[in-house]
Amino acid sequence: VESQQAYKRSAAGVDELEQRGMSILSNLASQKDRLKGARKKLLDVMNVLGVSNSLIRVIEKRQTTDLLLMFAGMVATVVILVVVWFYFRG
């Protein structure tokens, strides 16, 4: 009687183990599909970034130029204000 109960528990444990294995395999298959999709999207993004990198370089160069123009304008404004102040002061 005890050996039959041990056999039933063992059989139930094997069945549970088999179900877990099947569940793990199905999860791995779905992860594989997701990773394939992610890889494709990543390759698409990398192709777009090839164009984007050159565009970003142009934008950064333009930002540097704009920054220099802004500082030059600020200095010119201060110089003009100082000249006008000295002119009307005395």
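In this report, buried means a relative accessible area under 20%, exposed means over 50%, and partly exposed lies in between, with a 1.4 Å probe and protein chains only. By that scale Asn 27 is partly exposed, with a relative accessible area of 41%. The model is a predicted one, in which local features need pLDDT of at least 70 and side-chain atom pairs count only at pLDDT 80 or more, while totals for chains, interfaces and linings use all residues. Residues are numbered from 1 along each chain as its sequence is written, and side-chain values use heavy atoms, with hydrogens and water left out.

## Overall form

The secondary structure of the chain consists of 1 helix and 0 strands, where helices (H or I, at least four residues) and strands (E, at least two) are DSSP runs numbered from the N terminus. The chain is more spread out than a compact globule, because its radius of gyration is 36 Å, well over the 12 Å that the globule rule gives for 90 residues. That radius is taken over C-alpha atoms, and the rule is 2.2 Å times the number of residues to the power 0.38. Along the principal axes, the C-alpha atoms fill a box of roughly 120 × 30 × 10 Å.

Helix α1 covers residues 2-89, and two pairs of positions give a sense of distance in the model. Asn 27, which is found in helix α1, has its C-alpha atom 48 Å from that of Lys 61, the two being 34 residues apart along the chain. Ala 76 also lies in helix α1, and from Ala 76 to Ala 38, 38 residues apart in sequence, the C-alpha to C-alpha separation is 53 Å. At 36% relative accessibility, Ala 76 counts as partly exposed.

## Surface and charge

Of the 90 residues of the chain, 0% count as buried. The accessible surface comes to about 8700 Å², of which 66% belongs to carbon and sulfur atoms; such areas come from the Shrake-Rupley method with a 1.4 Å probe, and for residues only the protein chains shown count as cover.

Leu 67, Met 70, Phe 71 and Met 74 make a nonpolar surface patch of about 390 Å². Patches are made of residues with over 30% relative accessible area and no salt bridge, like charges being joined within 9 Å and nonpolar side chains (Val, Leu, Ile, Met, Phe, Trp, Tyr) within 5 Å. Within this patch, Met 70 is partly exposed, with a relative accessible area of 43%.

The chain carries 13 positive and 8 negative side chains, and the centres of the two sets lie 12 Å apart. Lys and Arg count as positive and Asp and Glu as negative, whereas His and the chain ends are not counted; the place of a charge is taken as NZ of Lys, CZ of Arg, CG of Asp or CD of Glu.

## Salt bridges

A search of the whole structure finds 3 salt bridges, each defined by a side-chain nitrogen of Lys or Arg within 4 Å of a carboxyl oxygen of Asp or Glu. They are set out below.

| Acidic residue | Basic residue | N to O distance |
|---|---|---|
| Glu 16 | Arg 20 | 2.9 Å |
| Asp 44 | Lys 40 | 3.5 Å |
| Asp 66 | Arg 62 | 3.1 Å |

Glu 16 and Arg 20 are separated by about one helical turn, because they are 4 residues apart in helix α1. Asp 44 and Lys 40 both lie in helix α1 as well, 4 residues apart, or about one turn of the helix. For Asp 66 and Arg 62, being 4 residues apart in helix α1 likewise gives a separation of about one helical turn.

As for accessibility, Glu 16 counts as partly exposed at 39%, whereas Arg 20 is exposed, with a relative accessible area of 53%. Asp 44 is partly exposed at 38% relative accessibility, and its partner Lys 40 is exposed at 55%. In the remaining pair, Asp 66 is partly exposed at 34%, while Arg 62 counts as exposed at 54%.
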